[in-house]
Amino acid sequence: MAHYQRLLLIANPNLKEAPALLRAIALVRASGARLDVRAFIEPAPMEHPWEENRDEEGDQRYQRHYLHWKDQTLQRLNAQGLEVNVQVVFTCDPLLDILKCVEALKPDLVIKDVTLDPVLGRAFVTPLDYHLLRGCPVALHLVNQVRHELPRRIVAAVDPFDTVTQIHDVNDAIIQAAHTLAAQCHASLHLLYAYDLSPAFNGDTPLISGCWNMAFMDELRESLHQAFNTLAERYGIAPEHRHFFMGLPTPVISAFVDEYQADVVVMGTVHRVGTHRFIGSTMERALYSLQGSILAVRQSDSHVEENR
């Protein structure tokens with residue numbers, strides 16, 4: 001697997017010990033990639049929005065604060081032997097400017113701290129994180145916390161369930177992204193599939209109680225297990241690193257991360273086309289429920305269109 005060539009860190013100057021910065025530094029050292037650091041800062045708030053005249057002196061103090069952070073960050077990273085580019089971007093639309101920056105720099109990976117709402121905590125994804133999950137055209141590493149600056153155990157969460165709505169290559173993209181990260185970190189790679197049989201019983205299948213019902217469940221489970229093993233074998237995942245569990249994805253993934261002390265879960269933002277093309281419910285819940293971090297892999301729009 002090729003090493004990362006360029007990393008983009010979306011920095012949060014208000015976090016003194018930013019986990020994403022620690023992870024970015026570790027990945028740069030491991031891969032030799034170039035690091036770009038960008039802080040997207042909203043303009044200074046107006047004390048009295050109804051007043052026409054802005055406090056220009058206050059605006060300058062506000063900007064100097066973040067420019068001072070830029071200089072300090074650059075000096076700190078240079079002192080560690082890292083050559084980086086650090087910039088502060090004052091913007092009224094952080095999402096738009098982040099996406100423009102990604103398009104211009106074309107990094108292999110975008111790294112960002114998970115932003116927690118101070119009141120609601122982990123209950124909801126913040127708007128910026130939510131939109132980046134949907135719109136970032138490259139792999140997005142949202143760092144929740146850092147047990148180890150360089151990940152030691154990486155989990156690829158796949159869904160090999162084969163239906164007409166399945167985007168077949170998304171599992172390959174997930175495993176390839178996990179392989180790339182694991183190779184650069186010398187980390188172990190695990191494959192996880194949390195399968196939920198309940199959708200099979202919500203359609204028009206004429207199920208009856210008794211042995212036929214159990215036989216149908218066993219047959220369906222076996223077919224899913226076979227598809228999972230076929231996927232694992234294609235990428236040389238050892239049997240002891242394959243994990244096949246029945247249950248809803250989010251609680252299964254969360255429990256697995258806790259038990260195995262996983263550092264990063266690699267997931268796809270798109271698994272299916274149509275009304276359920278975005279697996280946001282799983283991704284969003286996992287973002288704030290996991291003790292580790294997420295690496296989100298997004299399929300290109302052109303690929304999704306081809307599978308409609």
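Modeller: Start with one term: two residues are in contact when heavy atoms lie within 4.5 Å. Keep in mind that this model is predicted.

Colleague: Among contacts between residues at least 6 apart in sequence, what share joins residues at least 24 apart?

Modeller: In this protein chain, the share is 80%. The chain has nine helices and ten strands.

Colleague: What percentage of the 308 residues is buried?

Modeller: Buried means under 20% relative accessible area. Here 47% of the 308 residues are buried. The chain as a whole exposes about 16100 Å². Carbon and sulfur atoms supply 52% of that area.

Colleague: Let us take one residue. Is Leu132 buried or exposed?

Modeller: Leu132 has 2% relative accessibility, so it counts as buried. Leu132 sits in helix H4, residues 127–135.

Colleague: Which residues does Leu132 touch, leaving out those up to four places away in sequence?

Modeller: Its partners are Leu95, Ile98, Leu99, Lys112 and Leu140. Take Leu99 from that list. Leu132 and Leu99 are 33 residues apart in sequence, yet 8.4 Å apart from C-alpha to C-alpha.

Colleague: Now aromatic rings. How is a pair of aromatic rings described?

Modeller: Two values describe a pair of aromatic rings: the distance of the centres and the angle of the planes. To pair, the centres must lie within 6.5 Å. Planes under 30 degrees apart are stacked, over 60 edge-to-face, and the rest tilted. By this rule the count is nine aromatic pairs.

Colleague: How are the rings of Tyr62 and Tyr66 arranged?

Modeller: Their centres are 5.2 Å apart and their planes stand at 70°, so this pair is edge-to-face. Both residues lie in helix H2, residues 56–79. They are four residues apart, about one turn of the helix. Tyr66 has a relative accessible area of 9%, so it is buried.

Colleague: Which distant parts of the chain does the pair of Tyr193 and Phe228 link?

Modeller: Tyr193 is in strand S7, residues 188–195, and Phe228 is in helix H6, residues 211–234. The two are 35 residues apart. Their centres lie 6.1 Å from each other, with 35° between the planes, and the pair is tilted. Tyr193 is buried at 3% relative accessibility. Phe228 is buried too, at 1%.

Colleague: Which residues do ring pairs link into a cluster?

Modeller: The cluster holds Tyr193, Tyr195, Phe228 and Phe244.

Colleague: Back to Tyr66. How far is Val88 from Tyr66, C-alpha to C-alpha?

Modeller: The distance is 7.1 Å, with their places 22 residues apart in sequence. Val88 belongs to strand S3. Its relative accessibility is 13%, so Val88 counts as buried. Setting aside neighbours within four places in sequence, Val88 contacts Ala39, Ile41, Tyr66, Leu67, Trp69 and Lys70.

Colleague: Next, pockets. What volume does the second largest pocket have?

Modeller: Its volume is about 610 Å³. The lining has 24 residues. Closest to the centre are Asn12, Phe40, Lys112, Thr115 and Leu128. The elements that give two or more residues to this lining are strand S2 (34–41), H2, helix H3 (94–105), strand S4 (109–113) and H4.

Colleague: How many nonpolar, polar and charged residues are in that lining?

Modeller: The lining divides into 16 nonpolar, five polar and three charged residues.

Colleague: And the backbone? What sign of phi do most residues other than glycine have?

Modeller: Most of them have a negative phi. His186 has a positive phi of about 55°, although it is not a glycine. His186 lies in the loop between helix H5 (170–185) and S7. Its relative accessible area is 74%, so His186 is exposed.

Colleague: What phi does Gln261 have?

Modeller: Gln261 has a positive phi of about 55°, and it is not a glycine. Gln261 sits in the loop between helix H7 (249–260) and strand S9 (264–268). At 38% relative accessibility, Gln261 counts as partly exposed.

Colleague: One last loop residue. Where does Gly81 lie?

Modeller: Gly81 is in the loop between H2 and strand S3 (84–90). At 61% relative accessibility, Gly81 counts as exposed. Arg29 is 52 residues away along the chain, and the C-alpha atoms of Gly81 and Arg29 are separated by 9.7 Å.

Definitions and conventions: Residues are numbered from 1 along each chain as its sequence is written. This is a predicted model: local features need pLDDT of at least 70, side-chain atom pairs count only at pLDDT 80 or more; totals for chains, interfaces and linings use all residues. Side-chain values use heavy atoms; hydrogens and water are left out. Rings of Phe, Tyr and Trp (its six-membered ring) pair if their centres lie within 6.5 Å; planes under 30 degrees apart count as stacked, over 60 as edge-to-face and the rest as tilted. Buried means under 20% relative accessible area, exposed over 50%, partly exposed in between (1.4 Å probe, protein chains only). Accessible areas come from the Shrake-Rupley method with a 1.4 Å probe; for residues, only the protein chains shown count as cover. On a 1 Å grid over the protein atoms alone, a cavity is a set of points where a 1.4 Å probe fits but cannot get out, and a pocket is an open set with protein on both sides within 12 Å along at least five of seven lines; lining residues have an atom within 4 Å of a point. Grid points are joined across faces, edges and corners, and a volume is the space filled by probe spheres set on the points. Ala, Val, Leu, Ile, Met, Phe, Trp, Tyr, Cys and Pro count as nonpolar, Asp, Glu, Lys and Arg as charged, and the others, Gly among them, as polar.
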